[in-house]
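Hi everyone, thanks for making time today. I'd like to walk you through a structure that is new to most of us, so let's put it up on the screen.

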Amino acid sequence: MADEDLSEVLTAVGPRLRVLRRTRGTTLAQLSETTGISLSTLSRLESGQRKPTLELLLPLAKAYGVQLDELVGAPATGDPRVHAKPFTRYGQTFIPLTRYLGGLHAYKQIMPPRPQGSGDGPLEQRVHEGYEWLYVLSGRLRLALGEHDLVLAAGEAAEFDTRTPHGFANAGDQPVEFLSLFGAQGERIHVRARPAGT
C-alpha cells in the first residue's frame, strides 16, 4: 500500500469510529469505561486529531465486536461474506448484514416475545438523525411513530425519518424477526419497481 493510500485509510478511521459508536447508541463515556481509553483520547481519535494506533484500535474492535480491518476500512480480500458478530442491545439481538461502517447499515433484528402480563401501554420513543426502513420477516412488530401506533406483520414494510419520535416492541407471544436498513445521515432507501404494463 502506498504512503498516500495509508494516509487516506488512517484519516477515515475517526469518522468510521464515530458512525459506529452512534449507530450502536454508545456514548464516549460508556466506550471509555469499556475500553479503558480516556474520554479525551476517544474524542480526539474520532475527530481526527489523534492518529489511530494498534494500542487504541484493538480494544475498540473488541468493544464493538468487529474485525480490526473493518475499523480501518482495509481493502476487501475477495471474500464477499460478511463475518460481523451479532450483538445484543435493548434486549434484542442485532445481526449485522453489512461490512462497512459508513453509509447505510443493514441488520437482521430478533426481538424476544414480550413478557407475560406486559400491557399495550405507550412505548418509549427516541429521536436521532437518520432514516430507517423495516421489513418484518416473521412475527408481529409494534411500531410507535409519533402519535401513530401500528402493528406490522410478516411481509409488511415501513420507512420513516428517525427525527420523528419512534419506538419498537414485539406485538406477539413469539419472537419477531425483521430487517432494518438505517442511514445515519438521512439517506433514504430507493425501491425501484417495474413500470405498470411491462
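**Starting from one leucine**

Let's begin with Leu42. Leaving aside residues up to four places away in sequence, Leu42 touches Leu28, Leu31, Ser32, Thr35, Ile37 and Leu60. Before I go on, please keep in mind that this is a predicted model.

Now let's widen the view. Which residues touch the most other members of the largest nonpolar core? Leu42 is one of them, along with Leu17, Leu57, Leu60, Tyr64 and Leu71, in a core of 16 residues. Five helices each supply at least two residues of this core: α1 (3-23), α2 (28-35), α3 (39-47), α4 (54-64) and α5 (68-72). The largest share comes from α4, with five residues.

There is another core, lying apart from that one. This other core has eleven residues, including Leu141, Leu145, Leu152 and Phe160.

That brings us to the strands. Six of them form an open sheet, in the order β1-β2-β3-β9-β4-β7, with antiparallel pairing. Why is one side of β1 and of β7 left without a neighbour in the sheet? Both β1 (87-89) and β7 (157-161) stand at the edges and have a single partner strand each, so one side of each stays free of a neighbour there. From one strand to the next, the twist in this sheet averages 25 degrees.

Further inside the order, have a look at β4, residues 131-138, and β9, residues 176-183: they run antiparallel and are joined by seven bridges. If you want one pair to find on the screen, Tyr131 has Gly183 in β9 as its bridge partner.

A second group of strands is waiting for us. Here three strands make an open sheet in the order β6-β5-β8, again paired antiparallel. At its edges are β6 (148-153) and β8 (166-170), each pairing on one side only. The twist in this sheet averages 20 degrees from one strand to the next. Between β5 (residues 140-145) and β8, which run antiparallel, there are five bridges. Leu141, which we met in the eleven-residue core, stands opposite Asn170 in β8.

Finally, how confident is the predictor? The protein chain averages a pLDDT of 80, and 77% of the residues score at least 70. Confidence is highest in β6, at a mean of 94, and lowest in α1, at 71. Residues 186-194 have a pLDDT below 50, and this stretch has eleven contacts in the model beyond near neighbours in sequence.

Thanks for listening, and I'm happy to go back to any part of the picture.

Key. Residues numbered from 1 in each chain as written. Predicted model: local features only at pLDDT ≥ 70, side-chain atom pairs only at ≥ 80, totals over all residues. Heavy atoms only, no water. Pairing = 2+ DSSP bridges. Helix = DSSP H or I, 4+ residues; strand = E, 2+ residues; numbered from the N terminus. Axes fitted to C-alpha atoms, helices over the stretch in contact; angles between N-to-C directions. Core = buried A, V, L, I, M, F, W, Y, C linked by side-chain atoms within 4.5 Å. Buried < 20%, exposed > 50% of the residue type's maximum accessible area, 1.4 Å probe, protein only. Contact = heavy atoms within 4.5 Å. pLDDT = per-residue confidence, 0-100.
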